[in-house]
Amino acid sequence: MRNAWKKSREWLLRNYTVVSALCAIFLFDHLTKVVALLYLPDDPVKIFPFFYLTYVENTGAAFGMMKNGNFLLIFVMLAIIAYIIISWKELCSYGRLVKWGAVFILAGALGNLYDRITLGFVVDFLDFRVWPVFNVADSFITIGGCMFALSLLLQLGKKREEK
């Protein structure tokens, strides 16, 4: 048991920046959702002509898919989180883009999972009026996914150059 604690402590110290970023993203997401939950009125608040704060209780996935699919989505999020944790060493071996993409996806998944378990829905509030309302966690999941895709494209480009 002491050996496991020692290994965990060493890993945390080696990955302090990653753990700090993960916690910061999770806490920022949670704080913004609490503020939205407590203070946003029923009607949208216009910030700019193209940007509103609109409180939405989302029981489905992105773009209104799987409405009332909270139970299934909890398991999907748990599977994504488990995959990232189990595959951490391998993901890091693909470079910084994949590593940080994984951190962003993990932080966003944890943020939305927390909402689904504690509230039964995900709090969304960022509304650009051209796509469905979303939140900070969704933003980080999307950025992380783009980082994965960019890394893949860069690696494919390198392989083409080698041929």
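1. A residue counts as buried when its relative accessible area is under 20%. At 3%, Asp-115 is therefore classed as buried. The same cut-off places Lys-33, with a relative accessible area of 2%, among the buried residues. The coordinates under discussion are a predicted model, and the remarks below should be read accordingly.

2. Overall architecture. The protein chain contains 6 helices and 3 strands. Read from the N terminus, these elements follow the order α-α-β-β-α-α-α-β-α. Along the principal axes, the C-alpha atoms occupy a box of roughly 50 × 50 × 30 Å. The chain comprises 163 residues, and 36% of them count as buried. Among contacts with a separation of 6 or more, 66% are between residues 24 or more positions apart.

3. Surface and charge. The accessible surface of the protein chain amounts to about 10,900 Å². Carbon and sulfur atoms contribute 68% of this surface. The chain carries 17 positive and 12 negative charges, and the mean positions of the two sets lie 13 Å apart. The number of salt bridges comes to 3; these are taken up in the next three points.

4. Lys-33 and Asp-29. These two residues form a salt bridge in which the closest N and O atoms are 2.9 Å apart. Both partners belong to helix H2, which spans residues 16-39. They are separated by 4 residues, or about one turn of the helix. Lys-33 and Asp-29 are both buried.

5. Lys-33 and Asp-115. A further salt bridge joins the side chains of Lys-33 and Asp-115, with an N to O distance of 3.1 Å. This pair connects distant parts of the chain, since Lys-33 lies in helix H2 and Asp-115 in helix H5 (residues 96-118), 82 residues apart. Both ends of this bridge count as buried because the relative accessible area is 2% for Lys-33 and 3% for Asp-115.

6. Arg-129 and Asp-127. The salt bridge between these residues has its closest N and O atoms 3.1 Å apart. Its two ends fall into separate accessibility classes: Arg-129 is partly exposed, at a relative accessible area of 45%, whereas Asp-127 is buried, at 6%. As for shared partners, salt bridges unite Asp-29, Lys-33 and Asp-115 into one network.

7. Backbone at Arg-129. Although Arg-129 is not a glycine, its phi is positive, at about 70 degrees. The residue sits in the loop between E3 and helix H6 (136-162). A colleague inspecting the model may wish to look at this loop alongside the salt bridge that Arg-129 forms with Asp-127.

8. Asp-124, a buried acidic residue. Which side chain of opposite charge is nearest to Asp-124? It is Lys-33, at 6.3 Å. Why does this pair not count as a salt bridge? The criterion requires a side-chain nitrogen of Lys or Arg within 4 Å of a carboxyl oxygen of Asp or Glu, so the separation of 6.3 Å does not satisfy it. Asp-124 is thus buried yet without a salt bridge. Lys-33 itself is paired with Asp-29 and with Asp-115.

9. Surroundings of Asp-124. The residue belongs to strand E3, residues 122-127. Its side chain makes a polar contact of 3.1 Å with the side chain of Asn-58. Leaving aside neighbours within four places in sequence, the contacts of Asp-124 include Thr-54, Tyr-55, Val-56 and Asn-58. Val-133, Phe-134, Asn-135 and Asp-138 are also in contact with Asp-124.

10. Arg-96. This residue lies in helix H5. With a relative accessible area of 66%, Arg-96 is exposed. Its C-alpha atom is 16 Å from that of Leu-156, and the two residues are 60 residues apart in sequence.

11. Leu-78. Helix H3 (residues 70-86) contains Leu-78. Its relative accessible area of 38% makes Leu-78 partly exposed. The C-alpha atoms of Leu-78 and Leu-113 are separated by 7.8 Å, while the residues are 35 residues apart along the chain.

Notes. Residues numbered from 1 in each chain as written. Predicted model: local features only at pLDDT ≥ 70, side-chain atom pairs only at ≥ 80, totals over all residues. Heavy atoms only, no water. Helix = DSSP H or I, 4+ residues; strand = E, 2+ residues; numbered from the N terminus. Buried < 20%, exposed > 50% of the residue type's maximum accessible area, 1.4 Å probe, protein only. Lys, Arg positive; Asp, Glu negative; His and termini not counted. Polar contact = N/O pair within 3.5 Å; in protein donor to acceptor, adjacent residues only side chain to side chain. Contact = heavy atoms within 4.5 Å. Areas by Shrake-Rupley, 256 points an atom, 1.4 Å probe, with all protein chains shown as cover. Charge placed at Lys NZ, Arg CZ, Asp CG, Glu CD.
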